[in-house]
Each structure stands twice: as C-alpha cells, then as structure tokens.
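Student: I have a structure open and would like to talk it through with you. Could we go step by step, with questions as we go?

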Amino acid sequence: MPTKLLLDLGATYSWVNCDDYISSTYQHVPCNSSIANSLSAYGCEDICDGPPGPNCANNSFLFLLDKPLETVHYKKVNSLNDALVDYLALLNNLGSLSSIDNFIFSCARTGFLKGLAKGVTGLASLGNSNLSIPVQINKAFSSSPNCFAMCLSGSISQPGVALFGSKGPYNFLHGIDLSKSLLYTPLIFNPLGRDSDPNTHRLSPEYYVGLTAIKVNGKMVAFNKALLAIDDQSGSGGTRISTLVPYMKLQSSIYKAFTLAFLKEAASSAFNLTTTKPVNPFRVCYPAGSVKTTQMGPAVPIIELVLDRQDVVWKMFGSNSMVRVTKKSVDLWCLGAVDGGTIDGPSIVIGGLQLEDNLLQFDLQSKKLGFSSSILSKGTKCADYKFPTRKV
C-alpha cells in the first residue's frame with residue numbers, strides 16, 4: 001500500500017496509523033523474542049483487551065511513541081502501541097521495488113496524526129538508530145553503504161527525493177551529479193538529547209553539526225560562541241538539523257545578534273531595504289515589492305554557517321532564508337528565523353526552510369555530513385532528480 005510518511009531526522013523508529021492499517025503479512029513482536037530483547041524495554045501487552053488486530057494482540061511488545069507534533073490527550077489516545085514487523089518496499093535504481101521482509105516499526109492511533117499534512121499517516125525515522133529506515137535497509141542490504149541522502153523540494157507540488165544505501169552518483173537534470181560537489185563536516189551525536197540513555201551509553205538519534213561562527217554578507221556575527229558547544233552536563237547547546245522545525249530557531253542572544261546584523265546589511269547601499277510591520281512568528285519583514293528576485297530567491301544578504309573549518313561553509317541565499325507571506329492586503333518577505341528563547345535544548349536548530357533545495361548526505365559509517373548549499377546555484381533543484389522508470 002503506498003504510504004505517505006513525515007520524514008523525521010531525529011526519530012528512533014518509524015510509526016504508522018494502525019487504526020486504518022491493511023496488511024495480510026504483518027506480525028506482532030512477542031515480548032520475550034530475540035527482536036524484543038534487542039529493543040529498548042518500553043512495555044509488554046500480556047492480554048489484549050480489545051478486538052485482535054495490528055493495534056492489539058496477546059504477548060505483544062509495546063513502543064512508547066515519541067512526542068507528536070501537536071499535543072495529544074493521552075487519556076483518549078494511548079501512547080503505548082504495538083510493535084509490528086512487516087514488509088517495506090522502496091523504488092530502486094533499476095525502476096523496480098526492493099523490499100525488506102522484517103521491517104520493525106510501531107503502530108499508532110489516529111490521534112497522533114494531529115498536526116501532520118493531509119494524507120500523511122505516520123512518521124519515517126531517519127535518525128541514527130538501529131530501528132531507523134536507513135539502518136534497517138543497511139542491515140538487509142549489507143553490501144550497500146550505511147548512508148542516506150535527502151533533497152527536500154522547495155515546491156509544494158513537485159516532490160524531492162530521499163536515497164538510501166548510496167553515496168552517489170546523485171543524478172539530476174542537465175547531467176548534474178551532486179555527489180561530486182559536496183562539502184563534508186563531522187556529524188555530532190548528543191549523549192543527553194532526545195531518546196538518549198546515559199545508563200546504556202545510547203546517544204540521541206538526532207544529528208548535530210559543529211557550527212563555529214555565523215556570517216552575514218561576509219561579516220562575522222558577534223555572540224557568545226560557548227553556546228555552540230553541547231553542554232556535557234545538561235545536553236543543551238549545539239546546532240541540530242531538523243525536518244520538524246519549519247524555520248531556523250536560535251537561542252535569544254544569538255537571535256538578537258543575528259537579526260541586528262541582517263538588518264544592518266539589508267539596509268546598506270548594496271540592498272537598500274527598509275523594514276515594515278512584521279507578522280508572527282517573524283520579526284524582520286520587508287514589502288515584497290521592494291525586494292528584487294534572483295535565481296537564488298529574494299536578493300538579500302547571504303548567511304554563512306561556518307562549520308569545523310573556515311573553508312567549510314554552508315551558504316544560505318534568499319530562497320533558504322526568506323519566507324513569502326501573502327494574506328489579505330499583506331505581501332511580505334520575512335526573515336525565516338525565530339527566537340527560541342532561552343531554550344533548554346540546542347542553541348540553534350536548522351529548520352525545514354533552510355534544507356529546501358539542498359542535498360544532504362548522512363554518512364552513518366564515517367559519521368560525517370555532506371552538504372551542497374543551495375543547488376539552485378547549479379541550475380537545478382530537488383524536484384529535478386532523475387527518478388528511474390518503474391518496471392512492472
């Protein structure tokens with residue numbers, strides 16, 4: 001059954017709404033089985049007190065679902081859900097389907113779909129976890145690299161692509177292989193982040209990078225660089241990549257310094273932009289008519305994220321830094337960054353807007369991230385991936 005899932009770079013395992021789950025091949029995971037013993041011990045359903053089905057079986061291992069996008073009333077929606085094993089099939093480079101016959105995932109109730117896009121029935125885990133999709137694929141096809149890449153489309157009507165078990169080539173239209181133009185930086189894993197367990201030394205499945213500085217229009221932004229390191233006592237700080245956060249989120253003092261630097265450069269003679277009344281959740285907005293449009297999106301100051309070396313820089317042009325807001329009589333371009341307050345978590349979160357039309361390669365074996373910056377600069381986009389023709 002074709003299934004639409006939300007991609008989550010920080011999830012330990014995938015889940016699907018089982019209230020409408022139709023399959024003749026699924027199996028529950030018995031509580032004392034070898035599979036259950038290899039998983040984190042959340043719970044066991046000794047006796048099913050409802051009609052037998054994907055959501056209910058005797059002697060069935062249970063997962064505790066990750067926090068959903070929107071608040072769930074746990075008295076109405078059970079957070080403990082049955083673990084299942086079933087087939088997972090994905091399109092391969094020959095145009096046919098490759099399947100895993102023992103893919104492990106969790107059921108969920110319909111209430112967990114609150115806040116997800118229309119038609120989405122679950123979540124696809126891409127985190128650094130033994131139960132994530134890329135790691136389970138690597139176990140099934142051990143000759144393939146323990147690596148995946150994703151390119152999120154900037155279009156609301158044309159899809160991007162996620163590629164598993166391949167370091168390239170990544171062929172896009174016009175004969176462009178994006179695997180040849182990636183820069184690389186180490187991936188960092190938080191020992192005290194989401195789903196971590198200090199007692200078993202299990203690291204968080206979330207992906208962090210070692211950001212060392214931020215530049216706007218080539219000029220350094222001044223702020224407390226100590227916030228860029230992960231605190232070894234609390235796990236806070238650092239820079240995380242997320243598909244669940246729509247816009248870049250920055251700790252308050254970093255956000256203030258960053259927006260002041262952006263305002264100053266945008267008002268310079270190079271851009272000559274004057275702000276207007278902003279709309280929530282943004283604080284820096286410009287009339288759309290005063291902002292020029294280029295191949296790289298709105299003509300605004302370039303944001304540079306300097307990573308582990310001075311020459312390893314993730315550049316963000318207008319297409320990845322600005323949000324178009326049109327409603328009623330309002331037509332604005334707003335800086336796609338929000339104040340995260342004194343957040344008890346990462347100091348900076350690189351969000352979905354910043355990932356659009358960027359190719360990211362997560363090499364889980366070498367623990368490094370390959371990134372392209374905006375591929376619009378190469379005359380292509382994520383929707384231009386050359387999908388193989390499916391063979392029946």
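Student: Which residue stands opposite Phe 63 in β6?

Tutor: Happy to start there, and do keep in mind that this is a predicted model. Strand β5 (residues 60–64) is joined to β6 by three bridges, and the two run antiparallel. In β6, the residue opposite Phe 63 is Asn 81.

Student: How many bridges pair β6 with β7?

Tutor: These two strands form a hairpin with five residues between them, where Gly 95 takes a positive phi near 90°. One facing pair is Ala 83 and Ser 106, the latter in β7. The pairing is antiparallel, and the number of bridges is eight.

Student: What is the bridge partner of Gln 27 in β6?

Tutor: Look at strand β3 (residues 27–28), which pairs with β6 in the antiparallel sense over two bridges. The partner of Gln 27 in β6 is also listed in a separate core of 19 residues, together with Val 29, Ala 108 and Leu 131. That partner is Val 85.

Student: How many of the eight residues of helix α2 are buried?

Tutor: Helix α2 covers residues 133–140 and is mostly covered. Its buried residues are covered by, among others, β6 (80–91), β7 (97–108), β8 (122–125), β9 (147–151) and β10 (161–164). The buried ones are Ile 133, Pro 134, Val 135, Gln 136, Ile 137 and Asn 138. The count is six.

Student: Which residues have the most contacts inside the largest nonpolar core?

Tutor: This core has 59 residues. Helix α3 (residues 252–266) gives the most to it, with six residues. The residues with the most contacts inside the core are Ile 214, Phe 262 and Trp 314.

Student: Ile 214 interests me. What is it in contact with, leaving aside its neighbours within four places in sequence?

Tutor: The list includes Lys 219, Met 220, Val 221 and Phe 223. It also includes Leu 250, Ile 254 and Phe 258. The remaining names are Ile 303, Glu 304, Leu 305 and Ile 348.

Student: Is the aromatic pair of Trp 314 and Phe 371 stacked or edge-to-face?

Tutor: The pair links distant parts of the chain, with Trp 314 in strand β23 (residues 313–316) and Phe 371 in strand β29 (residues 368–374), 57 residues apart. Trp 314 counts as buried because its relative accessibility is 0%, and Phe 371 counts as buried at 1%. The ring centres are 5.5 Å apart and the planes are at 25°, where planes under 30 degrees apart count as stacked. So by that cut-off the pair is stacked.

Student: Why is the pair of Tyr 21 and Tyr 26 classed as it is?

Tutor: Their ring centres are 6.3 Å apart and the planes stand at 70°. Tyr 21 is partly exposed at 22% relative accessibility, and Tyr 26 is partly exposed at 24%. Planes over 60 degrees apart get their own class, so this pair is edge-to-face.

Student: Which residues form one aromatic cluster with Phe 148?

Tutor: Aromatic pairs come to a count of 14 in this model. The cluster that holds Phe 148 has these other members: Phe 164, Phe 189, Tyr 207 and Phe 362.

Student: Over which ring does the charged end of Lys 225 sit?

Tutor: There are two such arrangements to look at here. The charged end of Lys 368 sits over the ring of Tyr 184, 4.7 Å from its centre. For Lys 225 the distance to the ring centre is 4.6 Å, and the ring is that of Phe 223.

Student: Why do β19 and β24 each have one side without a neighbour in the sheet?

Tutor: The open sheet of three strands has the order β19-β25-β24, with antiparallel pairing. β19 (285–287) and β24 (322–327) each have a single partner strand, so one side of each is left without a neighbour, because they stand at the edges.

Student: Which residue is the bridge partner of Tyr 286 in β25?

Tutor: Strand β25 (residues 330–335) pairs with β19 in the antiparallel sense over three bridges. The partner of Tyr 286 in β25 is Trp 333.

Notes:
Residues are numbered from 1 along each chain as its sequence is written. This is a predicted model: local features need pLDDT of at least 70, side-chain atom pairs count only at pLDDT 80 or more; totals for chains, interfaces and linings use all residues. Side-chain values use heavy atoms; hydrogens and water are left out. Two strands pair if DSSP finds at least two bridges between them. Helices (H or I, at least four residues) and strands (E, at least two) are DSSP runs, numbered from the N terminus. A nonpolar core is a set of buried Ala, Val, Leu, Ile, Met, Phe, Trp, Tyr and Cys residues joined through side-chain atoms within 4.5 Å. Buried means under 20% relative accessible area, exposed over 50%, partly exposed in between (1.4 Å probe, protein chains only). Contact means heavy atoms within 4.5 Å. Rings of Phe, Tyr and Trp (its six-membered ring) pair if their centres lie within 6.5 Å; planes under 30 degrees apart count as stacked, over 60 as edge-to-face and the rest as tilted. A charge sits over a ring if NZ of Lys or CZ of Arg is within 6 Å of the ring centre and within 35 degrees of the ring normal.
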